[in-house]
Amino acid sequence: MSQPMSQTNPFLNFPYGAIQMECDAKDLIVEGEIPAALNGTLYRAGPNPRFAPRGDYHFFAGDGMVHAFHLQDGKADYNNRWVRTAKWKLEDREGRNVLNAMNPFDCEPEYSDFVLTDRDGLANTAIVWHGGRLLVMEEGHRPFELDPQTLESVGSWDFRGKLNTAMTAHPKIDPATGEMVFFAYMASAPFSADVMLHKVNAQGILTESTFIPTPYSSMVHDFVITENYIVIPIMPITGSLERAMEGGPPFAWEPDKGVHVAVLPRHGGTTDDVRWVEMPLCFVFHFMNAFDRDGVISVDACQFKAAPLFPTANGEPTGKVAPFLNRWTIDMNAATPTGSFARIDEFESEFPQCDPRHTGRAYRHGWYASPDGQLKSPLSENDNFYNVIGHYDHETKREDRYSCGQSLVSEPIFVPASDTAAEGEGHVLAVVTSFETRTSSLFIFNALDVSAGPVAKVHLSHRVPAGFHGGWRPG
Ligand SMILES: [Fe+2]
């Protein structure tokens, strides 16, 4: 018999808590009108523990569930499925949770070797459609392929045996060539101080892998590409097997280790071509975009002063920190390039996005999720849930924001109106969860007029638990 979930861990309760069902819902109720040309599928990925977790549950440690809104000719269908990872199948068979995904030392004794051989991980973080495959990604393991329509689990995908590392949840796709660039951290062994960079062509063939030793073992969540550079930030969320074996946190915030940014040529760069750029202390989960001009790299980051969600090496919390949009500048013409940053936006922002046709290129429009202070989080008195969809115009510096009131918003995903539409012409799609009805809806906004409110709301009769990232597959 399944055990009850903890009622004190906020990540096991509304609006994060797991839903215990999978369904297919046809022809959802639509308020307003779904734009006729908006054909395709919006996916959302997030943690959704199958069973009551062992010990202290971390938000990152839940089994992946994927939700899909299929839009066609103004109608919307929905389905959701757990990803059938090795851990999910094992625990489904046992009828209970036997592994703590965030701490390999906390598991049922007979599965103590599972973590050493597992290739699937949790498949709970992000989605990409590339090379004709729908991949759900975590970051400590390989990507996992799903059927794009039914969400049926196909299995772990290793690019026909060529991928011997994990894959970040934030690959970047070059809009001109369709090439997908991604990396894995701690690539050669658990807690190793290195990164492996991979390139996959538009057809989905893995063509190149580059090994990069790093100054220390670091958890690296996101990176950026430009036309001429690849930029991988090593920021001090450190990994340590020794610390974990002594009962300390496996991953911890160690500011004294500093920020070191690996910059290498986008094309033909080898291990020897990596240049290390020092940056003032900061922490970033997500980048909005980046571009280069005359050897000067600009990187836009939703930046924290310290890492949230991770303890210090002594196990102390890092305290309340909020992310704000900053622009990094790295002049590669200098004999010893250094990095600097400056804040460019007044509002707190996370889950940044740009028009994917401008990834790695000069760009004008970005979107993000943000709080307005009206929706309180149970995590701490100072925390606010994100209830605002924001649009930042880098040219006019103008803000365009819409508050969903007593509702939590997801990351907004931009979909262009057509392949030839101007930058920003199109829609942003976000999953919004009402604190009144405790159900979720897909909100569709005109991307350049977010403050006008959604042009369509597509309603579910249940909730999509607060999760991480989404993705779009054109119809
Ligand atoms: Fe992320």
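This is a guided tour of a predicted model, arranged as a series of selections to make in the viewer.

**The whole chain**

Begin with the protein chain displayed as a cartoon. It holds 3 helices and 33 strands. The C-alpha trace spans about 60 × 60 × 45 Å along its principal axes. The radius of gyration is 21 Å, which agrees with the value near 23 Å that a compact globule of 475 residues would have. Colour by burial next: 47% of the 475 residues count as buried. If you draw the contacts between residues at least 6 apart in sequence, 57% of them join residues at least 24 apart.

**The five-stranded sheet**

Select β1, β5, β4, β3 and β33. These strands form an open sheet in the order β1-β5-β4-β3-β33, and the pairing is antiparallel. At the edges are β1 (24-25) and β33 (470-474), each of which pairs on one side only. In general, strands of a sheet pair through backbone hydrogen bonds, so displaying the backbone helps here.

Within this sheet, narrow the selection to residues 40-47 and 64-72. These are strands β3 and β4, antiparallel to each other and joined over 8 bridges. To find the register, pick G46, which stands opposite M65 in β4.

**D77, in the same sheet**

Now select D77, which is found in strand β5 (residues 75-82). Is D77 buried or partly exposed? It has 17 other C-beta atoms within 10 Å and is therefore partly exposed, since a buried residue would need 20 or more. Add A25 to the selection: its C-alpha atom is 5.8 Å from that of D77, although the two residues are 52 apart along the chain. Leaving out residues up to four places away in sequence, D77 touches A25, K26, D27, L28 and H70.

**The four-stranded sheet**

Move to β6, β7, β8 and β9. This second open sheet has the order β6-β7-β8-β9, again with antiparallel pairing. The edge positions belong to β6 (126-130) and β9 (153-156); each has a single partner strand, so one side of each lacks a neighbour in the sheet. Ignoring direction, neighbouring strands of this sheet are turned by 30 degrees against each other on average.

Zoom in on β6 and β7 (residues 133-137), an antiparallel pair with 5 bridges. H130 stands opposite R133 in β7. Then select V136. Beyond residues up to four places away in sequence, V136 touches A45, G64, V66, V83, A123, I127, P143, F144 and L146.

**The nonpolar core**

V136 leads to the next selection. The largest nonpolar core has 130 residues, and V66, V136, V195, V231, I389 and V428 touch the most other members. Strand β20 (residues 283-293) supplies the largest share of this core, with 7 residues. In soluble globular proteins, nonpolar side chains tend to be buried together.

**Strand β11 and its partners**

Select residues 180-185, which make up strand β11. Why is this strand described as largely enclosed by the rest of the structure? The reason is that 6 of its 6 residues are buried. Show the side chains: M180, F182 and A184 point one way, V181, F183 and Y185 the other way, and all are buried.

Add β10 (residues 172-173), which pairs with β11 in the antiparallel sense over 2 bridges. The bridge partner of I173 is M180 in β11. The hairpin of β10 and β11 has 6 residues between the strands, and in it G178 takes a positive phi near 80 degrees.

Then add β12 (residues 194-200). It runs antiparallel to β11 and is joined to it by 6 bridges. Here A184 has M196 in β12 as its bridge partner.

**Backbone details**

Three places remain to be checked at the backbone level.

- F14 and P15: the peptide bond from F14 to P15 is cis, with omega near 0 degrees. P15 lies in the segment before β1.
- L309: this residue is not a glycine, yet its phi is positive, near 70 degrees. L309 sits in the loop between β21 (296-304) and β22 (324-331). With 16 C-beta neighbours inside 10 Å, L309 counts as partly exposed.
- F351: here too a residue that is not a glycine has a positive phi, of about 50 degrees. F351 lies in strand β24 (residues 350-354). It counts as buried, with 24 C-beta neighbours inside 10 Å.

Technical notes: Residues numbered from 1 in each chain as written. Pairing = 2+ DSSP bridges. Axes fitted to C-alpha atoms, helices over the stretch in contact; angles between N-to-C directions. Buried ≥ 20, exposed ≤ 12 C-beta atoms within 10 Å, placed from the backbone. Contact = placed C-beta atoms within 7 Å. Core = buried A, V, L, I, M, F, W, Y, C linked by C-beta atoms within 7 Å. Rg over C-alpha atoms; globule rule 2.2 N^0.38 Å.
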